[in-house]
Each structure stands twice: as C-alpha cells, then as structure tokens.
Amino acid sequence: MSNSDELKKLAGYRACELIQDGQTVGLGTGSTATHLVNRLAERIHQENLHVQAVSTSWSTTLQCRRLGIPLLDLGEVSHLDIAIDGADEIDCARNLIKGRGAAHLLEKIVAAMADRYVIVADETKKVALLGEKFAVPLEVLPSAIGLVTSKVSALGGQVVVRMGAPGKDGPVISDSGNLIVDAKFLGIPNPPELARALESIPGMLGHGLFVAMATHVILATANGLVEF
Ligand code: 5RP
C-alpha cells in the first residue's frame with residue numbers, strides 16, 4: 001500500500017469509529033471511502049453491529065453487496081444519522097470540491113440527509129483556496145450541454161466534457177445517465193456565490209461545490225490525524 005493510501009486508510013478507519021449501533025449511514029465513493037466501507041463490514045461482522053446504509057454510487061453499492069453491508073434504496077430514505085465521504089479539495093471552513101469519481105450528485109443528496117457529514121482525506125486535499133488544483137465537476141443533462149457550456153464559460157470557467165478512460169470511448173456517463181463536465185476556475189474566492197450562479201443554470205443537475213455541508217473533517221497527515 002502506498003503512503004498516501006495508508007493515510008486514506010487511517011482517516012477511513014477513524015471515521016468508522018463514529019458509526020454507532022442502530023444508525024442509518026451514508027457511504028461515500030472513492031479510494032478513501034473504500035477503506036471506511038471495508039472497516040464497516042468488519043465491524044458489522046465482528047461486533048454484530050446493526051446498521052443500514054445508503055450508497056452514493058454503483059462502485060460503493062457493489063462493494064457493500066460483496067461485503068454483506070445491508071443497503072437501503074436511496075429513494076426510500078430522507079434522513080441519515082451520519083454520512084461519511086472523501087473530497088478532492090477542503091478549505092479551512094470545511095467547504096469542499098467533490099466529484100473526481102463523478103458521484104457528486106448522489107453524494108450531495110446523501111450529504112443533505114445527514115445529521116453529521118464527515119469528510120475523510122489525506123493531507124494533500126487541504127487547500128487555502130478552493131479551485132487551486134481541481135476543476136468543479138458538473139453533472140449535466142445531455143440536452144443542456146450547449147447551454148451549460150456557454151453559461152459556465154461566461155462565469156469564467158474553462159469547460160471540458162469528461163471523457164472515459166480506457167474501456168469506454170466517448171464521454172463519461174454518470175450513474176444517473178448524465179454527462180460530466182469539469183469547469184476549471186482560477187481559484188474560487190467566494191464559493192457560495194459561484195454555487196448559486198451554477199444552480200441557476202437550467203439542466204445543470206449538480207455541481208461539486210459543497211458549501212457549508214461538512215460538519216467534521218478527518219485529515220490524515222504524516223504526523224497523525226487532524227480533525228476540524
Ligand atoms: C467521488 C468523490 C470522491 O469522494 C473524491 O473524489 C475523493 O476521492 P478519493 O478518496 O479517491 O481521493 O467526490 O465523486
């Protein structure tokens with residue numbers, strides 16, 4: 001396991017300790033959330049923990065099924081005790097950029113249901129200003145791609161339709177059947193303002209700016225865990 005993966009595992013395992021017997025839990029997507037899901041499966045079997053989970057992606061759903069974690073359908077649920085997920089960038093106010101894995105639309109629905117929304121990451125994800133490294137992923141109704149491209153460009157974003165890796169020619173299609181667009185801004189000094197502007201575009205179904213949603217960040221650093 002690489003150093004970075006060891007840190008992700010440390011954060012994921014620590015977050016898993018926050019889950020209590022009887023809770024309904026949202027499970028995120030990505031290489032950090034994977035460790036959380038592995039550890040939760042161990043706890044369910046070792047401690048006879050009774051939890052019900054909702055998943056944020058096909059990737060996490062398949063992992064849960066493989067490991068025997070009981071899943072509820074996302075559409076059946078409106079409240080979660082806790083949700084735990086990774087992030088691509090985290091600022092000091094716990095605002096986030098998410099969506100490298102194209103799961104940000106469902107991840108945001110899950111986050112909005114949760115009493116506690118906990119973010120797990122390694123130290124490379126902490127930034128002074130959102131947008132320093134990552135583009136903001138957008139989930140876009142295919143028929144709105146022209147409109148969204150034009151409106152986001154007018155907001156100062158450099159827009160690229162995300163393409164599939166080897167194994168899928170053409171664009172990435174999200175788990176909900178939409179296009180994913182990456183919009184690169186040269187730093188985002190006012191995340192709530194940009195979030196509102198993106199939300200006003202018809203056909204822009206979900207963006208990866210998570211403003212004032214996270215209640216707790218667990219950051220694994222070479223010197224140990226930092227929580228804020
Ligand atoms: C997926 C996400 C992930 O949570 C985010 O990309 C972090 O992933 P990783 O833990 O692999 O770095 O938002 O849509």
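Colleague: Which helix gives the largest share of the lining of the largest pocket?

Modeller: In this predicted model, helix α3 (residues 58–67) does, with three residues. The lining has 14 residues, and S55, S57, T61, D73 and L74 lie nearest the pocket centre. The volume of this pocket is about 290 Å³.

Colleague: What makes the lining of the largest pocket polar, nonpolar or charged by class?

Modeller: Six of its residues are polar, five nonpolar and three charged. Gly counts as polar in this scheme.

Colleague: Which pocket holds the ligand?

Modeller: The second largest one, with a volume of about 190 Å³. Its lining consists of 16 residues, with T29, G30, A87, D88 and R100 closest to the centre. Here α2 gives the most, three residues.

Colleague: What makes the approach of T32 to the ligand a polar contact?

Modeller: The cut-off for a pair of N or O atoms is 3.5 Å. A side-chain N or O atom of T32 is 2.6 Å from an oxygen atom of the ligand, so the pair qualifies as a polar contact.

Colleague: Why is the pair at G86 called a polar contact?

Modeller: A backbone N or O atom of G86 lies 3.4 Å from a ligand oxygen, and the limit is 3.5 Å, so this pair counts too. For R100, a side-chain N or O atom is 3.0 Å from an oxygen atom of the ligand.

Colleague: How much of the ligand does the protein cover?

Modeller: The protein covers 97% of the 380 Å² of accessible area that the ligand has on its own.

Colleague: How many residues surround the ligand?

Modeller: There are 18, the closest being S31, T32, D88, G99 and K125. By class, eight are polar, seven charged and three nonpolar.

How values were computed: Residues numbered from 1 in each chain as written. Predicted model: local features only at pLDDT ≥ 70, side-chain atom pairs only at ≥ 80, totals over all residues. Heavy atoms only, no water. Near = heavy atom within 4 Å. Polar contact = N/O pair within 3.5 Å; in protein donor to acceptor, adjacent residues only side chain to side chain. Areas by Shrake-Rupley, 256 points an atom, 1.4 Å probe, with all protein chains shown as cover. 1 Å grid on protein atoms, 1.4 Å probe; cavity = no way out; pocket = protein on both sides within 12 Å on 5 of 7 lines; lining within 4 Å. Sits in = over half its atoms within 2 Å of the grid points. Points joined across faces, edges and corners; volume = space filled by probe spheres on them. Helix = DSSP H or I, 4+ residues; strand = E, 2+ residues; numbered from the N terminus.
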